[in-house]
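Biologist: I'd like to learn how to read the empty spaces in a protein model. Could you walk me through one?

Modeller: Sure, let's put it on screen.

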Amino acid sequence: MAKGTVYKQGNKWYGRVDLSPDPVTGKRRQKRFTAATKRQVEKQVAALITAVENGGFSEAEVTKLTISHYMERWLASIEGSVKPITKKRYGDIVRLHIEPTMGRTQLAKLSALNVQRLYSDKQADGLSPTTVNMIHAVLHRALAQAMRWGLLNRNVTELVDLPREATPEYITWNEAQVNTFLSTAQGDPLEAFWRLALLTGMRRGEMLGLRWDDIDMKRGTLSVQRTLSRDAGGAFSLGTPKSAHGKRSIALPKSLVEAFRKLRVQQTERRLATKGYQDHGFVFANEIGEPLHPNSVSYRFKKLVAEAGVPPLRIHDLRHTSATLMLANNIHPKIVQERLGHSNISMTLDRYSHVTMDMQRNAADQLDDLIGGVS
């Protein structure tokens, strides 16, 4: 059983955890901590003792733990606390970008210089600032957990410089292109899906996870409660929306309510006519009642876009199109934020600054007309 000691020398507090002797040499081994306050040291000592005794890390690993082995344990520890798709993305970043460069480095010896060199090398290899920032986010989170477990005294990722991310330029459709696409999509099995994306700005996973109980036809409202994705093994997984504000109520226009009514009738007829149909309550389901595969939705979308002759977009760009059209038609940004499920209005304004500048220009012209201008 690991034992810990906390003591003070001068103005600093120190902690020490006694580990089992080295299995080869038999020498005594210890892990030491230092901090400005007694409370900080006590937390580090307690966290390490807990990690050792609960089997999270064997005592023999603590002082020689490599980045590769630590990342493996950390990824296992976040199972259930993040969405399956998020864990898969973290794992891919570790496998592709972190392990090849610093996997053999001992966790305790990782320096800010090591991390800065990693980011610089990745940029030199052609990775975008966005991808490098994603690598940083994963590494920072993993090392923060190492501190909470008492394996590190500081998070070196907080001491490095990050590349500045460029403001993304969104590709969207204008009003005429939206109308052309929706006209082409009339009668399509997923007609309600396309209208929902363009009229509400919902994310694909939110739409695929939508159930009939989430829609109030009489009031013309919809409640976003969950998102559907597929895990690394290909199984469907239902989770919470992207953020706390993702759970939201959205007012529906009459055309969309009517599209849902039509879809409900079609789905009921299919259920009665199809042997083995399993009704899971999903608004958008396949021929036997199962959730739609995201790839099949994307395939159908590409086919309709080509048929309509409009500029090619990703399905997620329908969300950007919805936001852009709302703002361009003077819908208050607060309403746009609420419909999209952004955590705050500044996110909406920053993300669609190209539209808000046009709004500023219109406001300036209107004020100029009101005052009379200068001739």
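Modeller: Before we count who lines what, a word on the labels: helices and strands are DSSP runs, numbered from the N terminus. Keep in mind, too, that this is a predicted model.

Biologist: Okay, and how does one find empty space in the first place?

Modeller: Rolling a probe the size of a water molecule over the atoms shows where empty space is left. A pocket is an open set of points, while in a cavity the probe fits but cannot get out.

Biologist: Let's begin with the pockets, then. What volume does the largest pocket have?

Modeller: The largest pocket holds about 1600 Å³ of space. Its lining counts 45 residues, and I85, R89, R203, K242 and H316 sit closest to the centre.

Biologist: Which element gives the most to the lining of the largest pocket?

Modeller: That's α4, with five residues. Helix α4 spans 84-102, and among the other elements supplying at least two residues are α9 (204-208), α12 (316-328) and the strands β6 (227-230) and β7 (236-239).

Biologist: How do the lining residues of the largest pocket divide by class?

Modeller: You get 17 nonpolar, 14 polar and 14 charged.

Biologist: And what about the second largest pocket: what is its volume?

Modeller: About 310 Å³ for that one. It has 16 lining residues, with P189, L190, A285, E287 and L292 closest to the centre. Two or more residues come from each of α10 (254-273) and α11.

Biologist: Which element gives the most to the lining of the second largest pocket?

Modeller: Helix α11 does, with four residues. Helix α11 (294-308) also supplies at least two residues to the lining of the largest pocket. As for classes, the second largest pocket is lined by nine nonpolar, three polar and four charged residues.

Biologist: Now the closed spaces. How many cavities of 30 Å³ or more does a search of the whole structure find?

Modeller: Two turn up. The second largest cavity has a volume of about 40 Å³.

Biologist: Which residues line the second largest cavity?

Modeller: Here's the full set: A197, M202, R203, R204, M207, I315, H316, L318 and R319. You've met R203 and H316 already, as two of the residues closest to the centre of the largest pocket. Both α9 and α12 supply at least two residues to this cavity's lining, and α12 gives the most, with three.

Biologist: What's the class split for the lining of the second largest cavity?

Modeller: Five nonpolar, one polar and three charged.

Key: Residues numbered from 1 in each chain as written. Predicted model: local features only at pLDDT ≥ 70, side-chain atom pairs only at ≥ 80, totals over all residues. Heavy atoms only, no water. 1 Å grid on protein atoms, 1.4 Å probe; cavity = no way out; pocket = protein on both sides within 12 Å on 5 of 7 lines; lining within 4 Å. Points joined across faces, edges and corners; volume = space filled by probe spheres on them. Nonpolar A, V, L, I, M, F, W, Y, C, P; charged D, E, K, R; others polar.
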